[in-house]
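User: Please go through the helix packing and the nonpolar core of this model.

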Amino acid sequence: MNAEQNKPTRREETAGLIEYSTENLVPFGPIHPALKEPEYFKLILEGERIVEVIPRIGYVHRGLEKAAEMRPWVQNMYMFERTCGICSFVHSLCYGQAVEGLTMFQVPRRAKYIRLIIAELERIHSHLLWVGLMGHWAGFETLFMWKWSDREIVLDLVEAISGNRVHKSMNAFCGVRRDMPEGMEDRIVERMKHITDRAHYYRQIIDTEETMLVRTENVGNKVDQETAQKLCAVGPMARYVGLRQDVRLTDPYAAYDEVPFDIVTRNEGDVRALLRLRLDEIVVSANMISYAVEHLPEGPIRVKIPPVIPAGEHSSHCEAPRGEIFYYVRSGGGRIPERVKSRQPTLANIPIALELLKGQTLADVPVVLTAIDPCFGCMDRMSFLDTDTNRQWTWSGEQLRLYGIKHYFPERFKE
Amino acid sequence: MSETLLERITTFAAESNTKAVPLRKGETLVEVDQANIKAFISHLLNDLALRHLATITGLDLGQNLGITYHFIQGQETIHVRTSVPKTNPAALSIVDLIPGAILYEMEIHDMFGVTFTGNPWIDQKLLLPDDWPADLPPPLLKTSKPAEIRKRLGLETAQK
Amino acid sequence: MFEQITKWARKRSPWVFHINASSCNGCDIELVASLTPRYDIERFGAVLVPSPRHADVLVVTGTVNAQTKDLLKRVYEQIPEPKLVIALGACAASGGVFKGCYNAGQGIQDVIPVNMFIPGCPPRPEAIMYGILKLLGEVK
């Protein structure tokens with residue numbers, strides 16, 4: 001169940017891996033020739049242990065960057081929002097900031113605060129969703145139901161402010177589209193207190209409840225800080241090994257330079273550290289939101305800018321719930337972009353995910369993979385090859401999940 | 001006395017005959033030949049202690065394909081751009097310097113057709129379907145048309 | 001055929017298999033949210049099942065792309081008759097905001113027959129439940 005050292009020579013023979021060391025050798029070997037289907041992750045095992053993981057993430061590729069070159073600047077904001085339903089606001093924010101950087105206009109202070117409030121509400125909803133999913137994958141279904149119920153509180157606030165639960169469409173260039181409604185302040189502060197209490201309660205649960213302990217303590221290959229950086233890990237995947245890497249701290253945007261907060265880091269390096277980290281971040285976010293609504297400055301919420309964006313290139317990055325999100329834009333001086341590049345945090349965290357899975361047992365795969373907070377559908381289909389028996393098979397996410405639960409808690413499946 | 005990162009980059013660029021162009025608001029663009037790209041990036045990692053490669057972006061520059069490495073440190077961003085001709089889109093992989101770049105290079109290979117020598121997964125598709133027609137040019141080239149690609153991938157609709 | 005469906009609908013509650021055909025996950029999370037206590041679609045007997053072979057209803061989110069097109073067809077074929085298909089969200093209906101993208105279809109009805117469209121980007125859990133129940137009510 002826990003990470004042990006694999007026998008290197010056998011692994012190398014089977015999967016052609018080269019051992020990784022800090023002497024800059026490449027940690028990824030040549031692709032195993034056996035697997036051809038379009039499943040989203042392919043795992044190569046020796047018996048019960050994972051030796052190699054190949055990501056096949058194109059299942060959600062639609063061609064947004066190309067489409068962006070044919071649509072007006074403002075339309076792209078609402079298209080890129082729909083890259084991801086869970087962190088949609090921060091996509092539109094990052095794109096907006098990249099484009100705003102090409103203009104001479106400034107974002108009004110009130111709009112920066114509202115952007116922060118929505119971004120932090122999104123962080124809370126995303127982390128609550130994730131902790132719930134961890135409960136679901138680990139076999140603690142009640143946690144899933146509770147977390148997603150708490151999430152509804154946050155979604156109610158988001159809906160009251162923006163009109164929608166998921167794709168909030170709150171951003172505009174140099175501002176936000178809607179103002180904070182009258183009288184929301186007390187409601188928000190009160191709900192944030194409630195969320196904080198719940199987060200503290202769950203923190204206790206993951207440290208004491210048997211299902212969560214068994215499935216998360218010491219689970220996941222331990223990586224050190226240098227490895228995490230060389231693998232370009234971002235967000236919680238960098239912070240859980242102790243790196244102080246958070247865009248809100250290192251390169252403040254929106255109102256993050258005015259609203260005080262502490263970043264959360266841990267150093268245990270296992271899946272449970274990630275649970276603690278994200279739950280602690282919920283508390284930090286709740287405090288930031290309360291502060292921001294109490295200190296919301298007066299003033300306009302938007303500066304209208306012309307539809308033609310001056311020529312040049314610019315980039316922006318934000319701290320999405322899953323990690324750093326990065327946008328690069330290039331303008332030829334027209335109404336449509338010349339190039340937009342969007343890099344989601346999950347893409348940056350896949351190399352470290354592959355590293356975390358090495359040496360783990362099949363039963364731990366769902367929990368370890370979910371630990372990086374991948375796109376929701378990434379786990380829908382996975383294929384496996386056991387080099388000991390030459391058996392190949394494909395599982396849906398649900399089948400993998402049930403396998404893991406059965407392995408750890410066989411008594412639940414007795415008639 | 002602390003020199004900003006951008007100042008140090010500009011100094012190093014001048015010393016090694018590469019161009020450093022300040023962009024807006026804390027960003028700098030440095031253009032480096034393919035022949036020097038790995039040495040330059042090694043310098044960024046080892047001597048300037050740059051730790052974070054945000055991503056790598058491909059660009060259609062007309063005759064050439066641009067490959068831009070975006071390094072971020074605090075509030076400063078360095079865009080390091082190299083280019084390869086469209087007639088021979090072969091570049092050097094930096095996976096031995098920064099293993100995490102493996103997927104970023106694969107993406108540029110999918111989208112622009114640049115091969116990165118030294119990347120062990122470069123023959124594998126990351127985002128495009130495995131059965132992408134061999135004679136269909138990479139999608140992010142300016143000459144590629146989405147309608148044409150959709151037809152070839154069998155995604156054209158019956159509905160009007 | 002109609003009688004078959006009626007009999008089945010009376011006999012048991014809808015077992016739903018959900019497939020994400022290149023969705024942004026917005027519709028997926030609203031579908032899953034409808035399982036949670038506030039909406040609780042399970043009180044109507046609807047459950048999500050792990051395999052298409054156990055399903056009566058297929059819920060598809062996202063507009064198909066080249067990678068998911070054949071997968072969707074395969075999954076549809078694995079579901080035993082009688083079966084119903086729900087296209088959840090704007091993307092599954094018409095491609096949504098991604099209409100025109102080079103790797104996006106324009107709705108799943110180009111790939112498999114659809115019995116009901118639930119519009120929205122994403123549709124709220126109430127809308128999803130209303131859609132599923134209306135489909136079964138119509139059938140009755």
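**Helix packing and core**

Analyst: In this predicted model, helix α1 of chain B spans residues 5-15, and its buried residues are L5(B), I9(B) and A13(B).

User: Why do the buried residues of α1(B) lie on the same side?

Analyst: An α-helix has 3.6 residues a turn, so residues three or four places apart point the same way. The buried residues here are L5(B), I9(B) and A13(B). They are on the same side of α1(B) because they cover an arc of only 70 degrees around the axis.

User: Which exposed residues does the face turned away from the buried side of α1(B) carry?

Analyst: The buried side of α1(B) packs against β1 (19-22), β2 (27-31), β4 (64-73) and β5 (76-85) of chain B. The face turned away from that side carries the exposed residues T11(B), A14(B) and E15(B).

User: How are α6(A) and α7(A) oriented, roughly parallel or roughly antiparallel?

Analyst: Helix α6 (residues 141-162) and helix α7 (residues 184-208) of chain A have axes 10 Å apart and pack at an angle of about 160 degrees. Angles over 145 degrees count as roughly antiparallel. The angle therefore makes α6(A), relative to α7(A), roughly antiparallel.

User: Is the crossing of α6(A) and α7(A) left-handed or right-handed?

Analyst: Residues in this contact include I153(A) and L157(A) of α6(A), and I188(A) and I195(A) of α7(A). The crossing of the two helices is left-handed.

User: Which helix gives the largest share of the largest nonpolar core?

Analyst: That core has 220 residues, of which L116(A), V60(C) and L88(C) touch the most other members. Its largest share is 17 residues, and these come from helix α5 (residues 109-138) of chain A.

How values were computed:
Residues are numbered from 1 along each chain as its sequence is written. Chains are lettered from A and ligands numbered from 1 in the order in which they are written. This is a predicted model: local features need pLDDT of at least 70, side-chain atom pairs count only at pLDDT 80 or more; totals for chains, interfaces and linings use all residues. A residue is buried if 20 or more other C-beta atoms lie within 10 Å of its own, exposed if 12 or fewer, and partly exposed in between; C-beta atoms are placed from the backbone. Helices (H or I, at least four residues) and strands (E, at least two) are DSSP runs, numbered from the N terminus. The arc is that of the directions from the helix axis to the C-beta atoms. Two residues are in contact if their C-beta atoms, placed from the backbone, lie within 7 Å. A nonpolar core is a set of buried Ala, Val, Leu, Ile, Met, Phe, Trp, Tyr and Cys residues joined through C-beta atoms within 7 Å. Axes are lines fitted to C-alpha atoms, for helices over the stretch in contact, and angles run from 0 to 180 degrees between N-to-C directions. Angles under 35 degrees count as roughly parallel, over 145 as roughly antiparallel, 65 to 115 as roughly perpendicular and the rest as oblique. A crossing is left-handed if the near helix is turned anticlockwise from the far one by less than a right angle, and right-handed if clockwise.
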